[in-house]
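Hi,

Here is the structure I promised to pass on. Have a look at it, and then read my notes below.

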Amino acid sequence: MANQPVGLLQLVAQNAWMFSCTSIVLVFIGWKVTYSNSARLATRSESKSLVDALSKIVNDIADLSIDFWINKCQNSQKNLESNHGIKIQAKKKHDESAHRLFEMNVFAKMNQAYKYISLLEARGIAFDNSWLSLYPEKVTLDCELAYKMELSTRATRVQEILGVSQNTMNMLYEEFQKNHPPSRGMNIIGFMKKQREKIDEWHRSLS
Amino acid sequence: MINIVIAKDFSKTPFGRFMSDSPYSAEKFRKDFLVPALRSGEQEIVVDFNGIALGVGSSFLEEAFGGLVRKEGLTKQGLKSRLVIKSEMPFYKEQIERFIDNAEPERL
């Protein structure tokens, strides 16, 4: 019997099972890559929404603080005294409820912020807890005495609050960007140029 | 170990610095709960903030815990080693530590 040359088609026919398996494996790898990529994009978008909601709360607290420390802390109630059936406006009395209302508002927002932070931590974005302690401290410490303070003292406090608020916002977006860095388009020519510059530098350093 | 659950033992809405501000003020809390617990000689005093409605103001924390150094003459180190703060909100512990650190005794 003469030996027949083994053709490519014959080789494929003999190993058909292997090609079938390989194609199935490739399909699964492709699916996995696509799935991971969309999951990553979805997580990034959800995390971004949470960071935006958190930064809105920080802004809201800053707005509340400015309003309270500059205007509302000096709210006073008009005391009406009745004298023989005639109502006379007496000395204005400081409104004790203003600072309590302010604290309640701030803490309601802080609680919400903390929930968002927990959700972000579960997504791998961890924040430094020190802002959480510094922010309510700057905002609410001695707020019950604010009505006695000079306008300049209260304005200084507002500046401090705005400073902490600004730092907090920066920290939020920096932490987010650290975990989800922005994607940059791949530039092959640029990459080649950089590599060539590196080689040139190395070559110059030799001589 | 002494366990002080603020929401159960004191009030769910602690508020204000001095007794003149509120019936559940920091001054009252310090005098009725913290000082007796710390003077009892127990090594660990657990202060549990869980269950409080909304939150506790910074002024309350400063007067209650900073006041232990300022007005009750307790040492910063002793306080920090004996007080255990339990809370879902992580910032109470940091705030309290800072208030204790910043407080200076008012009388010698």
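Helix α4(A) and helix α5(B) are roughly perpendicular to each other (that term covers angles of 65 to 115 degrees; under 35 is roughly parallel, over 145 roughly antiparallel, and the rest oblique). This is a predicted model, so local features need pLDDT of at least 70 and side-chain atom pairs count only at pLDDT 80 or more, while totals for chains, interfaces and linings use all residues. Residues are numbered from 1 along each chain as its sequence is written, and chains are lettered from A and ligands numbered from 1 in the order in which they are written.

Back to that helix pair: α4 spans residues 130-140 of chain A and α5 spans residues 91-102 of chain B, and their axes come within 8 Å and cross at roughly 65 degrees. Axes here are lines fitted to C-alpha atoms, for helices over the stretch in contact, with angles running from 0 to 180 degrees between N-to-C directions. Helices are DSSP runs (H or I, at least four residues), strands likewise (E, at least two), and both are numbered from the N terminus. On the α4(A) side, Ser130(A), Leu132(A), Ser133(A), Pro136(A) and Glu137(A) make the contact, and α5(B) brings Phe91(B), Glu94(B) and Gln95(B). Contact means that C-beta atoms, placed from the backbone, lie within 7 Å. By class, there are three nonpolar, three polar and two charged residues (Ala, Val, Leu, Ile, Met, Phe, Trp, Tyr, Cys and Pro are nonpolar; Asp, Glu, Lys and Arg charged; the others, Gly among them, polar).

How does that fit into the contact between the chains? In total, 15 residues of chain B touch 19 residues of chain A. On the chain B side, α3 (58-70) and α5 are the elements that give two or more residues. That side has five nonpolar, six polar and four charged residues.

Within chain A, α2 (residues 16-70) packs with α5 (residues 151-179) at about 180 degrees, their axes 10 Å apart. That makes α2(A) roughly antiparallel to α5(A). Their contact includes Val51(A), Leu54(A) and Trp69(A) from α2(A), and Ile161(A), Leu172(A) and Phe176(A) from α5(A). It divides into 14 nonpolar, five polar and three charged residues.

Chain B also has an open sheet of three strands, ordered β1-β2-β3 with parallel pairing (strands pair if DSSP finds at least two bridges between them). β1 (2-5) and β3 (83-86) are at the edges with a single partner strand each, so one side of each has no neighbour in the sheet. The twist averages 20 degrees from one strand to the next. β1(B) pairs with β2 (residues 45-48) over four bridges, and Ile4(B) has Val47(B) as its bridge partner in β2(B).

Cheers

Notes: Two residues are in contact if their C-beta atoms, placed from the backbone, lie within 7 Å.
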